[in-house]
2 protein chains.
Amino acid sequence: MLDTPRPRTRSGGRSARRAARSAPVFDMLPGLERNIPVCEVMDGSQVERIHNASMDILENVGVQFRDPIALEDWKRIGAKVVGELVYLDRALVMDLISTIPADFTYNARDPKKNVRLGGKHSIFVPMTGAPFLRDLDDVRRNPTLDDLAMFHKLAHMSPALHSSAHHIVEPYDHPISQRHLQITYSSMKYSDKTFMGMTTSPKNAEDVMDMCAILFGQDFIENNPVTTGNCNGNSPLVWDETMLGAMRAFCKRNQPVLCSPFVLGGANTPASVAASVAQLNAEALSALAYTQVIRRGAPAIYGHYLSTVSMKSGAPMAGTPEISLMNFMIGQMARFYDVPWRTSNTLGGAKTFDAQAGYESATTLSAVIHAGANYIWHSAGWNEAGMHCSVAKFIVDTEQCAMAYRMAQGPNWDDFDAALAAVPDVGPGGHYLGHQHTQDNFQTAFFMPELFDNNSIEQWVAEGSVEITERALNRARKLLQDYEEPKLDIAKDEELRDYIARREREIPASDELNQEY
Amino acid sequence: MLDTPRPRTRSGGRSARRAARSAPVFDMLPGLERNIPVCEVMDGSQVERIHNASMDILENVGVQFRDPIALEDWKRIGAKVVGELVYLDRALVMDLISTIPADFTYNARDPKKNVRLGGKHSIFVPMTGAPFLRDLDDVRRNPTLDDLAMFHKLAHMSPALHSSAHHIVEPYDHPISQRHLQITYSSMKYSDKTFMGMTTSPKNAEDVMDMCAILFGQDFIENNPVTTGNCNGNSPLVWDETMLGAMRAFCKRNQPVLCSPFVLGGANTPASVAASVAQLNAEALSALAYTQVIRRGAPAIYGHYLSTVSMKSGAPMAGTPEISLMNFMIGQMARFYDVPWRTSNTLGGAKTFDAQAGYESATTLSAVIHAGANYIWHSAGWNEAGMHCSVAKFIVDTEQCAMAYRMAQGPNWDDFDAALAAVPDVGPGGHYLGHQHTQDNFQTAFFMPELFDNNSIEQWVAEGSVEITERALNRARKLLQDYEEPKLDIAKDEELRDYIARREREIPASDELNQEY
């Protein structure tokens with residue numbers, strides 16, 4: 001539970017035990033270990049059809065690597081390269097991806113918050129990249145570094161989030177060219193969970209690597225993943241210089257990248273679910289293969305940003321059946337190749353935190369849980385097709401993730417026999433609320449969402465007719481009051497700040513905006 | 001699609017074909033035939049554990065049948081009866097339920113709208129029983145017969161709804177004792193889809209049977225299900241006289257009943273997911289067995305209303321992980337016994353159509369789809385724990401059902417090869433929107449939700465910042481303008497009205513309220 005109700009009394013005995021049990025808990029939930037089946041919508045022959053179609057694309061259509069270093073790398077290992085087009089033989093691709101670890105430990109500043117990723121192991125990561133926020137007053141505006149710190153604090157205090165990510169919102173009060181330094185520092189300072197590293201340019205990615213080496217030690221990061229970088233492909237079938245350069249910075253230091261084709265189904269893929277998956281799969285595999293050209297055995301993650309587009313506006317949609325189906329299918333493909341995979345959660349196009357946002361987010365969350373995604377990104381705050389991060393939605397989404405976490409653990413059987421013993425005690429027509437077993441187990445047996453109001457309408461009106469946005473904002477304010485900064489080693493903190501100061505002197509300040517999904 | 005955008009021109013050739021394709025379509029989708037796997041969270045031994053626990057309850061704790069006729073029936077076939085407690089031997093239960101059909105055809109007034117129920121075949125049925133509505137102006141008030149007719153019309157025009165149900169809202173302008181007649185007539189008149197029959201008393205149920213005999217013919221209904229009746233159990237382990245009497249009225253005429261324990265997890269079941277399922281399963285089986293005592297071979301449906309209760313208010317909650325898990329488990333049990341099963345969709349406790357309502361509804365919908373439910377009741381309109389039916393939510397829920405329907409059909413493979421052929425045409429860095437295959441297939445390949453707004457915020461603001469509630473109410477008004485009443489045979493209509501007039505003379509008018517979930 002995110003935060004269970006406080007008991008009425010705090011005196012000794014049973015009520016004291018209940019108090020201990022029901023005090024607000026901000027401890028991170030361990031990385032999720034799934035115990036429910038994945039939803040597999042393809043049989044073996046259909047998986048083979050996708051695989052073969054992707055291999056045909058890689059061999060015959062080719063992938064454009066708009067980057068001289070990558071082209072040289074491909075030539076060096078014997079791939080056919082014509083201009084910027086790389087034609088990848090299926091044997092080569094399968095050989096290369098065979099050395100990607102099926103799972104790995106993703107290390108946090110606090111080692112108790114390390115998480116496993118891959119196979120049955122999944123994590124929830126908040127959204128990133130929003131150029132606007134809806135703030136504590138639900139006002140939509142450009143964010144600042146303080147706003148970013150606020151979201152890092154909220155991520156730190158949300159039990160179901162396993163990461164503070166990176167630029168949850170874009171800090172507009174800091175020059176874009178230097179922003180990655182402040183963003184990385186904010187992730188490191190306000191939370192001791194895992195975090196993401198900026199990939200906005202190869203140089204920026206190198207800075208992140210250097211800062212990680214300060215925080216974790218150079219030797220440690222060479223052998224242990226401590227951050228993740230997202231590299232988007234330009235569908236159809238293009239990887240650009242910025243992304244490939246950032247990829248090299250991460251892979252060389254053994255840090256995992258998310259190889260994420262950016263798919264707007266129907267606009268940059270064929271108008272077909274299965275064919276879209278085949279193209280996306282080819283794209284992801286081409287980048288996954290390249291990670292192993294950079295460094296054999298480096299961890300890497302099968303990624304994607306996935307939407308279908310509105311015929312009316314060309315904008316990305318969310319919560320549609322094809323997106324769910326593609327998630328199920330891509331999950332199967334990632335498992336076929338035995339690599340961890342990333343998807344996007346709680347997506348939506350609503351402009352406010354209205355019912356549309358609720359439907360879209362819950363549908364997406366459900367689909368990615370049933371799909372068996374490992375790296376469940378954009379798990380909190382996303383609204384307006386990623387254009388803003390909403391504080392209210394962030395809070396509700398984290399509780400949704402906590403509920404999905406519980407569901408994905410499957411039913412608890414430990415309590416079965418003891419609970420059954422209550423049935424003859426209570427008997428036909430009785431009630432369980434007064435039974436000792438119920439009193440002892442109610443709180444742990446059933447999740448009580450705090451952000452959902454289940455009072456009668458009379459009670460709800462008496463309390464001011466407060467809808468979910470306001471309830472969530474109240475919760476956010478309370479969390480921020482209770483926030484305690486996780487201690488950062490003073491020497492490391494100084495070294496990080498010295499590094500940032502030096503780099504800020506070296507990098508010319510600019511003021512343009514960039515963005516990443 | 002519920003209603004795809006109108007084309008710009010209606011002249012001949014391609015645009016004419018597009019016009020034909022994109023005119024508003026109100027045709028009912030055929031009954032859903034699932035083509036994705038069910039989510040099974042128990043292995044075979046865990047299914048056996050639940051089964052054995054339920055059998056132990058039936059044999060040793062017993063079930064209270066508060067009804068002299070049922071007690072006599074049980075004695076007659078050799079069950080052990082002590083007072084009102086019936087102890088059911090597992091061999092007897094398994095023998096009785098063995099004659100329940102695994103699936104059956106549920107007949108509609110328009111035979112083209114007949115649907116199959118059981119196994120892979122599922123239907124969506126709107127909510128019923130709301131004592132309030134939120135109307136076309138989003139005002140919360142008591143409903144009238146006209147309001148009920150409005151919902152029957154909206155159900156008729158919603159492609160993903162396979163039923164007009166019965167008292168979607170309680171018509172307060174008509175005496176309670178006679179209300180079942182008007183409700184049944186409204187279901188029959190304003191829609192030609194399947195409908196439900198009132199079970200508010202044995203006599204009322206008999207009236208429904210008589211009216212069905214008029215509409216479908218006496219001989220026909222003896223051999224063909226034409227309506228369904230819901231019978232709620234009082235958990236733990238009680239069936240009352242009203243429900244059992246109504247059950248007999250239906251079963252004797254070969255009409256299927258939903259045998260639905262009314263479960264508030266933790267209040268009238270043990271504080272344990274698995275033990276709650278074991279008790280619910282025992283309750284459902286005891287009623288399913290009784291249907292076969294009434295009439296061997298009569299169709300019957302494993303049902304339930306299922307929630308967990310809030311510790312704060314004692315009110316039912318929705319969208320919690322345990323409810324999803326229980327749905328998965330109950331689905332497995334129903335399949336273990338090879339009987340069709342009913343669950344509840346789009347439940348929620350929100351007071352308005354806010355984000356809470358969206359999260360709750362979408363989470364529930366997703367769970368029941370993955371659980372493989374056959375009779376997916378309360379699929380549109382439910383809010384405030386069933387206290388009101390919202391017109392806006394009704395409209396959005398039906399689109400959600402249409403999307404879930406599409407998802408449950410699984411990916412389409414027919415278009416795979418043709419779509420793949422577009423990949424080399426477009427090539428790396430190209431785009432698909434101009435490709436002929438995309439233009440020909442976009443609309444059918446990807447679902448375009450009409451009630452979700454995916455415009456930019458600038459466009460959305462320019463159009464008046466309309467949130468989903470208002471968009472849905474506008475849609476409802478448009479649908480009601482376009483409504484065409486499905487012709488009811490004049491002789492049958494007269495006979496129905498004569499029957500109602502006679503019964504209204506015979507039944508004393510009363511004015512109390514009753515309610516059913």
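In the predicted model described here, A:K112 is exposed, with a relative accessible area of 73%. This lysine forms a salt bridge with A:D110, and the closest N and O atoms of the pair are 3.8 Å apart. The partner A:D110, by contrast, is buried, because its relative accessible area of 14% falls under the 20% that sets the limit for a buried residue. The pair is part of a wider set, since a search of the whole structure finds 64 salt bridges over all chains.

Another salt bridge lies within chain B, where the side chains of B:E222 and B:R253 meet at 3.9 Å, taken from N to O. B:E222 belongs to helix α8 (residues 218-223) of chain B, whereas B:R253 sits in the loop between α9 and β13 (257-265) of that chain, so the salt bridge ties together parts that are 31 residues apart in sequence. B:E222 counts as partly exposed at 25% relative accessibility, while B:R253, at 15%, counts as buried. In chain A, salt bridges that share partners join A:E206, A:D210, A:E222, A:R253 and A:R295 into one network.

Helix α9 of chain B, which spans residues 241-252, has 12 residues and reaches 16 Å from its first C-alpha to its last, close to the 16 Å expected at 1.5 Å a residue. Nine of the 12 residues of this helix are buried, and α9(B) is therefore largely enclosed by the rest of the structure. Among the buried residues of the helix are B:M243, B:L244, B:M247, B:R248 and B:F250. The N-terminal end of α9(B) is capped by B:D240, a side-chain oxygen of which lies 3.2 Å from the backbone nitrogen of B:T242. After the helix comes B:N254, whose phi is positive, near 70°.

With regard to the arrangement of the two chains, chain A is superposed on chain B by a rotation of 180° with 0.0 Å of shift along its axis, the RMSD being 0.0 Å. The two copies are thus related as by a two-fold rotation axis. In the interface, 118 residues of chain A are in contact with 118 residues of chain B, and 100% of the interface residues of chain A are also interface residues in chain B, so the copies meet through the same surface. The size of an interface is often given as the accessible area lost when the parts come together. For chain A and chain B about 9,300 Å² is buried between them, with 70% of it on carbon and sulfur atoms.

Polar interactions also cross this interface, where 27 residue pairs are in polar contact and six salt bridges are found. The largest share of the side of chain A that touches chain B, 10 residues, comes from helix α12 (residues 355-371) of chain A. One salt bridge across the interface joins the side chains of A:R49 and B:D417 at 3.6 Å, N to O. This pair runs from helix α2 (residues 44-61) of chain A, which holds A:R49, to helix α14 (residues 416-420) of chain B, which holds B:D417. A:R49 is partly exposed, with a relative accessible area of 33%, whereas B:D417 counts as exposed at 53%.

A residue with neighbours in both chains is A:Q279, which is found in helix α10 (residues 273-294) of chain A and counts as buried at 0% relative accessibility. The side chain of A:Q279 reaches the backbone oxygen of A:N268 at 2.9 Å. Leaving aside residues up to four places away in sequence, the residues that A:Q279 touches include A:I57, A:S235 and A:P270 from chain A, as well as B:V423 and B:Y432 from chain B.

Note on methods: Residues are numbered from 1 along each chain as its sequence is written. Chains are lettered from A and ligands numbered from 1 in the order in which they are written. This is a predicted model: local features need pLDDT of at least 70, side-chain atom pairs count only at pLDDT 80 or more; totals for chains, interfaces and linings use all residues. Side-chain values use heavy atoms; hydrogens and water are left out. Helices (H or I, at least four residues) and strands (E, at least two) are DSSP runs, numbered from the N terminus. The expected span of a helix is 1.5 Å times one less than its number of residues. Buried means under 20% relative accessible area, exposed over 50%, partly exposed in between (1.4 Å probe, protein chains only). A polar contact is a pair of N or O atoms within 3.5 Å; within protein, one must be able to donate a hydrogen and the other to accept it, and residues adjacent in sequence count only if both atoms are side-chain atoms. Copies are superposed by least squares on the C-alpha atoms of residues with pLDDT of at least 70 in both. Contact means heavy atoms within 4.5 Å. Buried area is the accessible area (1.4 Å probe) that two parts lose on being put together, summed over both. A salt bridge is a side-chain nitrogen of Lys or Arg within 4 Å of a carboxyl oxygen of Asp or Glu.
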